[in-house]
Amino acid sequence: MGGILHAIQPVRHIALKSWSETFDMDIVNDTPAHRLLRDGDAWVAMFRSGVLCFFGARPALQARIIASVQAEFTAISNPKVDELYIKTGDRDAVGRDGVTLKYLDEERILLVALRLAQSLALELHEEAVEALLETTLNLLSEVTRTGRLPGWRSGHLRFLASTSATRTEILSRLAVLDNPDIVWETPGLEMLSKELSADLELTSRFRALDEKLDAIHEGLEIMIVASRHHRETILEWIIIILITAEALIMLLGK
């Protein structure tokens, strides 16, 4: 017995804590970070990161849930998608042809869906961090050429806030480096969790993102120093001009 676990990220975030929609399905597991629903052989997993996973769910049900989520939360114009083949076997394992599960129970379905959801959400963040890194390099080139930051200070502050928000979002919503609670609550799932993480390269991708965010942060520090130096230089010139004007007024007064 086997099937395809489909994953899609139609929105940036699902506020599961305040949104109680179940689509007339039974709630199997519900936390602020995820919600697992079931109706017969159909499984639906919704994650705070904005990812939806479907296993054994008919296309009509998938379309209805995706449309409902997009109507409720901030939709992504070009949703990311991914999938994993799941089959049953003598033991839990991850191979080239997909994932083998000893049982198609809620713990294993949720664990596989969680790891696939983390991988898909990471992909969106990887693109966002690449864009931030490119912007940082362009700004640093401008600082190197002119000695000051281009544009308005409010724009720089928005860019700084965007970088901090991206890092916070990755850490809080994905928790890539942490084993989920079901791993500790269900004997035998720790190895499956590690194999899934390794197969999807979650740890190495997260660390690569973290290194890029560190590089962006260092670049921002350089730009902030350059901006401060530019303002201080302007202030010094204003003081010099005022002193000169005062001296001229005193001379003319005599």
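The following paragraphs lead from the sheet of this predicted model to its helices and salt bridges. Residues are numbered from 1 along each chain as its sequence is written, and side-chain values use heavy atoms, with hydrogens and water left out. Because the model is predicted, local features need pLDDT of at least 70 and side-chain atom pairs count only at pLDDT 80 or more, while totals for chains, interfaces and linings use all residues.

An open sheet of eight strands, with mixed pairing, follows the order β2-β3-β4-β5-β1-β6-β8-β7. Its edges are formed by β2 (26-30) and β7 (93-95); each has a single partner strand, so one side of each lacks a neighbour in the sheet. On average, neighbouring strands are turned by 25 degrees against each other, direction ignored. Helices (H or I, at least four residues) and strands (E, at least two) are DSSP runs numbered from the N terminus, and two strands pair if DSSP finds at least two bridges between them. At one edge, three bridges join β7 to β8 (residues 98-101) in an antiparallel arrangement; Ala93 has Thr100 in β8 as its bridge partner.

Two helices lie across parts of this sheet. Helix α5 (residues 189-199) lies across β7 and β8, at about 20 degrees to β7. Helix α1 lies across β1 (2-11), β4 (42-47), β5 (52-55) and β6 (75-88), and runs at about 20 degrees to β1. Such axes are lines fitted to C-alpha atoms, for helices over the stretch in contact, with angles from 0 to 180 degrees between N-to-C directions; contact means heavy atoms within 4.5 Å.

Gln62 belongs to α1 (residues 59-72). Gln62 counts as buried because its relative accessibility is 16%, where buried means under 20% relative accessible area, exposed over 50% and partly exposed in between (1.4 Å probe, protein chains only). Leaving aside residues up to four places away in sequence, Gln62 touches His6, Phe54 and Ala57.

Nine salt bridges are found in the whole structure, a salt bridge being a side-chain nitrogen of Lys or Arg within 4 Å of a carboxyl oxygen of Asp or Glu. One of them joins the side chains of Asp97 and Lys87 (3.1 Å, N to O). Asp97 lies in the loop between β7 and β8 and Lys87 in strand β6, so this pair ties together parts 10 residues apart in sequence. Another joins Glu126 and Arg205 (2.8 Å, N to O). Glu126 lies in helix α2 (residues 106-146) and Arg205 in helix α6 (residues 202-253), so the parts tied together are 79 residues apart in sequence.
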